[in-house]
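Subject: A structure for you to explore

Hi there,

Here is the structure I promised to pass on to you. Have a look at it first, and then read on with the model open beside this email.

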Amino acid sequence: INKKKLFKMSLNNNIDIGAHGFNHIDLSNLNYNELKSEVFDSKKYIEDIIGREVKYFSYPYGKININCERLFRELGFVAAFTSKIGTINKDSNKYMLNRTDILSYDNFSSFKQKINGSWDWINFFLKK
């Protein structure tokens, strides 16, 4: 996506633009200073384009670094998302949130089920 399209998309009140790492590299192998540079540069680059604060982060490749939570707090992120399938609740770590894909071909019934946590297959099987 180009900068003009990103800016235009950011004007929609229903969309939050998040950071994803400046070079889209595996964060789990970085030391703290490398991690800070990778995350900060990504956040700053997008903020410069959209003209407002970036509050969310998505881990490249779903790989997490043990320093992320501390860094994300320092940089003012509200939440960060893994690629782990699952639902979230009030006790979830806001810097390691799970996801459930909402797809263009989902009908209203499956969309409602996903929102209500019925598609959290991993937890469903672990509870048995």
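Below is what was found in it, going from the whole protein down to single residues.

**The whole protein**

Please keep in mind that this is a predicted model. The protein has five helices and three strands, and if you walk along the sequence you meet them in the pattern α-α-β-α-β-β-α-α. Taken along the principal axes, the C-alpha atoms fill a box of roughly 45 × 35 × 25 Å.

How much of the protein is buried? Of its 128 residues, 31% count as buried. The accessible surface comes to about 8,800 Å², and carbon and sulfur atoms account for 54% of that. You can also ask how far along the chain the contacts reach: among contacts between residues at least 6 apart in sequence, 48% join residues at least 24 apart.

**Two helices that pack together**

Let's start with a pair of helices. Two packed helices are described by the angle between their axes and the distance between the axes. Helix H1 covers residues 3-10 and helix H2 covers residues 32-50; they pack at an angle of about 75 degrees, with their axes 8 Å apart. That makes H1 roughly perpendicular to H2, because angles of 65 to 115 degrees count as such.

Which residues meet there? From H1 come Lys3, Leu6, Phe7 and Ser10, and from H2 come Tyr45, Ile49 and Ile50. Sorted by type, the residues of this contact are five nonpolar, one polar and one charged.

**A group of aromatic rings**

Next, the rings. A pair of aromatic rings is described by the distance of the centres and the angle of the planes. A search of the whole structure finds eight aromatic pairs, and two of them are worth a visit on your screen.

One is formed by Phe57 and Phe72: their centres are 4.9 Å apart and their planes make 40 degrees, so the pair counts as tilted. This pair links distant parts of the chain, since Phe57 sits in strand S1 (residues 56-58) and Phe72 in helix H3 (residues 68-75), 15 residues apart. Both Phe57 and Phe72 are buried.

Phe57 also pairs with Phe77, this time edge-to-face, at 5.8 Å centre to centre and with 80 degrees between the planes. Phe77 lies in the loop between H3 and strand S2 (79-85) while Phe57 lies in strand S1, so this pair ties together parts that are 20 residues apart in sequence. Are these two rings buried or exposed? Phe57 has a relative accessibility of 1% and counts as buried; Phe77 is buried too, with a relative accessible area of 3%.

If you step back a little, you will find one aromatic cluster made up of Phe57, Tyr59, Phe72, Phe77 and Tyr95.

**Ala80, in touch with several of those rings**

Ala80 lies in strand S2 and is buried, with a relative accessible area of 0%. What does Ala80 touch, not counting residues up to four places away in sequence? The answer is Phe57, Tyr59, Phe72, Lys94, Tyr95, Met96 and Leu97. For Lys94 there is also a distance you can check yourself: Ala80 and Lys94 are 14 residues apart in sequence, and their C-alpha atoms are 6.4 Å apart in space.

**A buried lysine**

Now go to helix H4 (residues 108-115), where Lys114 is found. Is Lys114 buried or exposed? With a relative accessible area of 7%, Lys114 is buried, because anything under 20% counts that way. Leaving aside its neighbours within four places in sequence, Lys114 is in contact with Thr100, Asp101, Ile102, Leu103, Asp106 and Trp119.

**Two residues with a positive phi**

Finally, here are two backbone angles to look up. His24 has a positive phi of about 50 degrees although it is not a glycine. You will find His24 in the loop between H1 and H2, where it counts as partly exposed at 33% relative accessibility.

Tyr61 is not a glycine either, and has a positive phi of about 60 degrees. The place to look for Tyr61 is the loop between S1 and H3. At 53% relative accessibility, Tyr61 counts as exposed.

Enjoy exploring, and write back whenever you like!

Best wishes

Notes
Residues are numbered from 1 along each chain as its sequence is written. This is a predicted model: local features need pLDDT of at least 70, side-chain atom pairs count only at pLDDT 80 or more; totals for chains, interfaces and linings use all residues. Side-chain values use heavy atoms; hydrogens and water are left out. Axes are lines fitted to C-alpha atoms, for helices over the stretch in contact, and angles run from 0 to 180 degrees between N-to-C directions. Helices (H or I, at least four residues) and strands (E, at least two) are DSSP runs, numbered from the N terminus. Angles under 35 degrees count as roughly parallel, over 145 as roughly antiparallel, 65 to 115 as roughly perpendicular and the rest as oblique. Contact means heavy atoms within 4.5 Å. Ala, Val, Leu, Ile, Met, Phe, Trp, Tyr, Cys and Pro count as nonpolar, Asp, Glu, Lys and Arg as charged, and the others, Gly among them, as polar. Buried means under 20% relative accessible area, exposed over 50%, partly exposed in between (1.4 Å probe, protein chains only). Accessible areas come from the Shrake-Rupley method with a 1.4 Å probe; for residues, only the protein chains shown count as cover. Rings of Phe, Tyr and Trp (its six-membered ring) pair if their centres lie within 6.5 Å; planes under 30 degrees apart count as stacked, over 60 as edge-to-face and the rest as tilted.
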